[in-house]
Amino acid sequence: MALTYPPGDIRGDADPAEHEVVAAADPVADDAPIEIAFLEPVQASELSGAIWRSYGASYDADWVYRPDEIERRLRSRLLRSIVARDAGSPTRPVVGHLALTLRSADAHVGESGQAVVDPRWRGHHLFTTLKRTLADTMRGEGLAGMFSEATAAHPYSQKANVALGAQETGILVGYIPTSVEYAAIDATPEHRRSVVLYYLKLNDGPDRWLYPPPHHHAIVSRIVERAGLHGRVREPPGRDDAGHPNASSTRLSETVRTDHDAGFVTIEEVGPDLVETVETHLARERSRGLACSYVDLPLEDPGTAVHGERLRGAGLRFGGVFPNARTAGDVLRLQYLHDASPEIADIHLASEGGRELLDYVVSDTREGS
């Protein structure tokens, strides 16, 4: 049965041969000229075309195939897209792309993603060039930093992040389903693969107190120090069973990503019923047959330290520290594997900091097994 797409989605009319020809083409010359520029809203269709040429219909973010949605995001200034163009071609097509997504107009931190390089241009370090230019621009605009995800299946994109000064802040085990393939890896994966979280500091962010659960106090302190986050880790004031004085019950939002076969629970405010509330959602996600679940706790909420510790009894283990688009400030992400069977041996890391973090993630997981 043929898939149908909504109006405005280029996948409904795009020619499959265009992707097939590009995928089979020879690499361009080493000295092929490129031009780096930010994408304008009226050029949105050029990005969709570049995604199609590089990935066909398989890219796992539907919005990149909708020029109208790309244009809307660019005009809102919540999306900044930087592209590499083939300067040797009369039409100057987009052959590389990197996006920065902001939660709001006054956000201190953005997420860089949608890194795309035309197969003919791989090996030309376009990702490094694009991310360095994006970082320099956003540093000048006062952004505190950029978070990103890099596959742990190979060290190439990790090395590019490390070379730019980014630091590892987490490892999500089994985050990527087996349906996702990478050009640098020949074999189709037998297990779900993992990702490494990175933070690239650009400027000093707002100073604030952070309240991790006691068990993760040391690792969160280490991440905050190493990544240069402007947060100070401490015990909650007046710690007792009441938790956050303003929260009588836990407030949260839930998202299911079918493309990742995963559930995401964002705790917006921590109450004394945290554990019971989270366990209810985990059971629901398990009944849906999801492979894994992630729970994000607000680190600026003292209730995270008071009640978050008890989540270990529910089987949740350390994942990382990063900003969540659904809540203000940084979150502590805990991970829970339902039916996922990731292979730790498939995790390849580019730095000693990454290996230290993996040791912690593995030991924390084994403590609960």
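Six aromatic pairs turn up when the whole structure, a predicted model, is searched. To describe such a pair, you need the distance of the ring centres and the angle of the planes.

Let's start with Tyr55 and Tyr59. Their ring centres are 5.0 Å apart and their planes meet at 70 degrees; because an angle over 60 degrees counts as edge-to-face, this pair is edge-to-face. The two partners are not equally covered: Tyr55 is partly exposed, with a relative accessible area of 26%, whereas Tyr59 is buried, at 12%.

Another edge-to-face pair is made by Phe318 and Tyr360. Where along the chain do Phe318 and Tyr360 lie? Phe318 belongs to strand E13 (residues 317-323) and Tyr360 to helix H9 (residues 352-367), so the pair links distant parts of the chain, 42 residues apart. Both Phe318 and Tyr360 are buried.

Here are the two pairs side by side:

| Pair | Centre to centre | Angle between planes | Arrangement |
|---|---|---|---|
| Tyr55 and Tyr59 | 5.0 Å | 70 degrees | edge-to-face |
| Phe318 and Tyr360 | 5.3 Å | 90 degrees | edge-to-face |

Aromatic residues can also be grouped beyond a pair. Which residues form one aromatic cluster with Tyr175? They are Phe264 and Tyr294.

Finally, look for charges over rings. Arg73 lies over the face of Trp63, at 4.2 Å from the ring centre. In a second example, the charged end of Arg232 sits over the ring of Trp209, 4.3 Å from the centre of that ring.

Terms used: Residues numbered from 1 in each chain as written. Predicted model: local features only at pLDDT ≥ 70, side-chain atom pairs only at ≥ 80, totals over all residues. Heavy atoms only, no water. Phe/Tyr/Trp six-rings, centres within 6.5 Å; stacked < 30°, edge-to-face > 60°. Buried < 20%, exposed > 50% of the residue type's maximum accessible area, 1.4 Å probe, protein only. Helix = DSSP H or I, 4+ residues; strand = E, 2+ residues; numbered from the N terminus. Lys NZ or Arg CZ within 6 Å of the ring centre and 35° of its normal.
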